[in-house]
Amino acid sequence: MSTKTIGQEFIKGLWDENPVFRQLLGLCPTLAVTGAVINGLAMGLATTFVLIFSSLVVSSIKKLIPSQVRIASYIIIIATFVTVADRFLAAFFPPISKNLGPYVPLIVVNCIILGRQEAFSSKNTVWRSLIDALGMSAGFVLAMLVLSAIREILGAGTFLGYQVMGAWFEPWIIMILPPGAFITLGILLALALHIEHRTKSRK
Amino acid sequence: MKLSVRMVVVLTSIGLLSGSFLATVGHLTKERIALNKQREIEEAIIQVIPGTVSTQKLYEERDLSVYGGKDEQGTVIGFAIHASGIGFQDRITLMLGTNTSLERTNRLAILDQKETPGLGAKITDAESFLQYWENRDCSGAISLRKPAARSAEELLPSEINTITGATISSEAVLGIVNSSLEHTRRLLKEGKLSSEAQDVN
């Protein structure tokens with residue numbers, strides 16, 4: 001059982017245990033769909049939906065599941081919500097669904113989700129699991145937004161499709177391509193570590 | 001309860017519950033998803049055959065469908081060829097509008113592509129690529145002008161300007177267009193594109 005206060009439980013997902021910047025989980029969608037802010041945001045929200053509902057279900061039926069089949073059970077539960085998210089996007093937001101392509105179904109294997117079930121929801125109350133899922137999702141959405149904003153602004157000169165750079169700006173095409181994702185993520189990780197060291201040494 | 005029995009019971013019930021939940025979701029969204037696809041195709045037909053008020057599917061096979069665009073009187077005013085083929089990275093799906101004799105193009109629209117952003121992806125750009133496809137002579141094979149001509153006036157009636165730096169993507173589009181045009185011409189000759197024959201649907 002976690003001994004943190006509810007507030008700490010939420011905040012830890014944003015920074016201390018940020019799934020992307022600190023735990024390096026779920027990097028596949030992080031690298032693949034952050035070429036444009038709208039795609040990053042949609043991916044973040046779809047993952048949020050799956051994480052919250054999977055955590056709610058797993059934490060409420062945790063006592064019924066024998067530990068030998070827990071992973072299989074979690075995967076079925078996660079896959080169910082992923083399919084719901086996929087169908088929902090295809091029905092109501094077809095352009096986004098087209099842009100994200102196979103990456104929505106691939107949320108099933110996003111380690112953040114299975115990781116939180118195994119590490120948290122299966123050991124904590126429904127309420128705490130919900131807060132944990134909200135915090136982790138917020139951290140993931142934040143990471144997706146930062147990464148996709150940097151890549152879209154430098155790579156296309158736009159933010160959410162609106163021109164933000166002047167006519168003088170020559171887009172850095174590499175930022176939209178896969179190498180741009182690795183470069184940006186690397187710099188952001190270094191920055192996160194640097195901030196971490198600074199704050200620690202001050203304490 | 002014995003552990004093995006409990007494992008079976010738990011997994012089966014989770015599977016059944018999730019299956020029935022998904023069946024409901026699938027049922028609720030199925031119609032809308034089909035409608036979205038149909039609407040996307042209809043919008044593309046209207047875009048490539050200006051003046052279309054209704055559309056009709058005239059022919060369908062793998063990687064090639066031909067639609068007729070009709071005016072208010074119900075006369076077919078042009079064909080819209082929906083075709084796909086391999087591009088530089090992945091499949092390119094396009095819609096080409098032609099006149100009813102398949103001798104002139106109206107417009108070209110790219111419906112789906114995953115070419116390199118900033119280079120090959122320019123095949124969706126009106127200014128650098130799509131504008132050259134308007135009103136071209138397609139009674140024979142269309143060809144590419146390489147290196148690219150500076151202005152549209154320099155091009156022959158059956159020529160398309162290449163995108164500088166994206167020759168492969170330009171050629172891929174050209175290949176899809178030429179082969180589907182040839183195929184469609186054959187269908188037209190065989191009388192498979194008449195709007196009466198297919199009025200059943």
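These are my notebook entries on a predicted model with chains A and B.

**Entry 1. Confidence**

I began with the scores. The model has an ipTM of 0.81 and a pTM of 0.81. For chain B I noted an average pLDDT of 88. In that chain, 97% of the residues score at least 70. I kept one general caution in mind: where pLDDT is low, the predicted coordinates should not be read in detail.

**Entry 2. The A/B interface**

Next I looked up how chain B meets chain A. I found 21 residues of chain B in contact with 24 residues of chain A. Between them the two chains bury about 1,900 Å². Carbon and sulfur atoms carry 76% of that area.

I then turned to the polar side of the interface. I counted 8 residue pairs in polar contact between chain B and chain A, both residues at pLDDT 80 or more. Which elements of chain B give two or more residues to the side that touches chain A? They are helix 1 (3-48) and strand 5 (105-112) of chain B. Helix 1 of chain B supplies the largest share, 16 residues. By residue class, the side of chain B that touches chain A divides into 11 nonpolar, 6 polar and 4 charged.

I also checked for salt bridges across the interface. The count between chain B and chain A is 1. It joins the side chains of A:Lys98 and B:Glu40, with 2.8 Å from N to O.

**Entry 3. A:Ser73, from chain A towards chain B**

I picked A:Ser73 to see the interface from a single residue. It sits in helix 4 (residues 70-92) of chain A. Is A:Ser73 buried or exposed? It is buried, because its relative accessible area is 0%, and the cut-off for buried is under 20%.

I listed its contacts, leaving aside neighbours within four places in sequence. They are A:Ile65, B:Val10, B:Leu11 and B:Ile14. The list thus holds residues of chain B as well as one of chain A. I also looked at the polar end of the side chain. A polar atom of the A:Ser73 side chain lies 2.7 Å from the backbone oxygen of A:Val69.

**Entry 4. Salt bridges over the whole structure**

I searched all chains for salt bridges and got 15. I followed three of them up.

The first pair was A:Lys12 and A:Glu9. Their closest N and O atoms are 2.8 Å apart. The two side chains also make a polar contact at 2.8 Å. A:Glu9 is placed in helix 1 (residues 6-14) of chain A. A:Lys12 lies in that helix too, 3 residues from A:Glu9, about one turn of the helix. I checked burial for both partners. A:Glu9 counts as buried, at 1% relative accessibility. A:Lys12 is buried as well, with a relative accessible area of 4%.

The second pair was A:Asp132 and A:Arg116. Here the closest N and O atoms are 2.9 Å apart. A:Asp132 lies in helix 7 (residues 126-156) of chain A and A:Arg116 in helix 6 (residues 111-121), so the pair ties together parts that are 16 residues apart in sequence. Both residues are buried.

The third pair was in chain B: B:Lys192 and B:Glu190. Their closest N and O atoms are 3.2 Å apart. B:Lys192 counts as partly exposed at 40% relative accessibility. B:Glu190 is partly exposed too, with a relative accessible area of 48%.

I then asked which residues are joined by salt bridges that share partners. One network links A:Glu9, A:Lys12, A:Arg116, A:Arg128 and A:Asp132. My two chain A pairs therefore belong to one network, as their four residues are all named in it.

**Entry 5. A:Met43**

My last stop was A:Met43. I found it in helix 3 (residues 37-61) of chain A. It is buried, with a relative accessible area of 0%.

What does A:Met43 touch beyond its neighbours within four places in sequence? The contacts are A:Pro29, A:Val33, A:Leu100, A:Tyr103, A:Ile107, A:Phe140 and A:Met144. I also took one C-alpha to C-alpha distance. A:Met43 and A:Val141 are 98 residues apart in sequence and 8.1 Å apart in space.

Terms used: Residues numbered from 1 in each chain as written. Chains lettered and ligands numbered in written order. Heavy atoms only, no water. Contact = heavy atoms within 4.5 Å. Buried area = accessible area lost by both parts, 1.4 Å probe. Polar contact = N/O pair within 3.5 Å; in protein donor to acceptor, adjacent residues only side chain to side chain. Nonpolar A, V, L, I, M, F, W, Y, C, P; charged D, E, K, R; others polar. pLDDT = per-residue confidence, 0-100. Buried < 20%, exposed > 50% of the residue type's maximum accessible area, 1.4 Å probe, protein only.
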